[in-house]
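Student: I've got the sequence and the 3D picture open, and I'd like to go through them with you. Can we take it one question at a time?

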Amino acid sequence: MASEHAPKLYTVEEARALVPRLRVLLTALQVEKQQLDAALSALSELTPAMRANGHALAALQHERRITELTASMREKIMETTALDIEIKDLDAGLVDFFSLRDGRVVYLCWRVDEPTVAHWHELDTGFAGRRPL
């Protein structure tokens, strides 16, 4: 938890209400990450010799695309961070919400391919410790 303020503690209903918005954000982030990975890979294939031998424009195009994707992804990640929602695994579309359960702070856990928030886990157990609500 990088922020200095106390995190928002979500009820199950509040977390579930954010699922449609988060599904759009996470799906877009996943697509952009795939595009970013492809652009980085394509750029890395252009050796310094290739850049000097007629491929400078291709390198510049990849660099611009990488900058655009990085900025777009940063905005979406900042949006989730502002909501006190933690992205745990972007490739899996896994996020956690702070919540209160039996008097202690836990995570509500949701993955983008799940219909709703239906699991929770202790702060120190991670995905492997998920339990049904």
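Student: Let's start with Glu-68: is it buried, partly exposed or exposed?
Tutor: Keep in mind that this is a predicted model. Glu-68 has a relative accessibility of 47%. Buried means under 20% and exposed means over 50%, so with its 47% Glu-68 counts as partly exposed.

Student: Which residue does Glu-68 form a salt bridge with?
Tutor: Look in helix H2, three residues away from Glu-68, which is about one turn of the helix. The partner there is itself partly exposed, at 33% relative accessibility. The closest N and O atoms of the pair are 3.3 Å apart, and the partner is Arg-65.

Student: How many salt bridges does a search of the whole structure find?
Tutor: The Glu-68 and Arg-65 pair is a salt bridge within helix H2. Others, including the one between Glu-79 and Arg-21, join two helices. A search of the whole structure gives a total of twelve.

Student: How far apart in sequence are the parts that Glu-79 and Arg-21 tie together?
Tutor: The closest N and O atoms of this salt bridge are 2.9 Å apart. Both ends are partly exposed, with Glu-79 at 29% and Arg-21 at 39%. Glu-79 sits in helix H2 and Arg-21 in helix H1, so the salt bridge ties together parts separated in sequence by 58 residues.

Student: And what about Lys-76 and Glu-32: are they buried or exposed?
Tutor: These two form a salt bridge as well, with their closest N and O atoms 3.2 Å apart. Lys-76 is in helix H2 and Glu-32 in helix H1, so this pair ties together parts 44 residues apart in sequence. As for their accessibility, both Lys-76 and Glu-32 are buried.

Student: Which residues are linked with Glu-114 in a network of salt bridges?
Tutor: First find Glu-114 in the loop between strand S3 (104-111) and strand S4 (119-121). At 10% relative accessibility, it counts as buried. Leaving aside neighbours within four places in sequence, Glu-114 is in contact with Arg-23, Cys-109, His-119 and Arg-130. The residues that share its salt-bridge network are Arg-111, Asp-113 and Arg-130.

Student: Now the inside: which element gives the largest share of the largest nonpolar core?
Tutor: This core has 27 residues, and Tyr-10, Leu-22, Ile-85, Phe-97 and Trp-110 touch the most other members. Two or more residues come from each of helix H1 (12-45), helix H2 (48-82), strand S2 (94-101) and S3. The largest share is ten residues, and it comes from H1.

Student: Which of those five well-connected core residues does Tyr-10 contact?
Tutor: Leave aside the neighbours of Tyr-10 within four places in sequence. Its contacts then include Leu-18, Leu-83, Ser-99 and Leu-108. From the group that touches the most other core members, its contacts include Ile-85 and Phe-97.

Student: Last one: how far apart in space are Leu-26 and Val-112, C-alpha to C-alpha?
Tutor: Leu-26 is found in helix H1, and it is buried with a relative accessible area of 0%. Leaving aside neighbours within four places in sequence, it is in contact with Ile-87, Leu-90, Gly-93, Val-95, Trp-110 and Val-112. Although Leu-26 and Val-112 are 86 residues apart in sequence, their C-alpha to C-alpha distance is 7.0 Å.

Terms used. Residues numbered from 1 in each chain as written. Predicted model: local features only at pLDDT ≥ 70, side-chain atom pairs only at ≥ 80, totals over all residues. Heavy atoms only, no water. Helix = DSSP H or I, 4+ residues; strand = E, 2+ residues; numbered from the N terminus. Buried < 20%, exposed > 50% of the residue type's maximum accessible area, 1.4 Å probe, protein only. Contact = heavy atoms within 4.5 Å. Core = buried A, V, L, I, M, F, W, Y, C linked by side-chain atoms within 4.5 Å. Salt bridge = Lys/Arg side-chain N within 4 Å of Asp/Glu carboxyl O.
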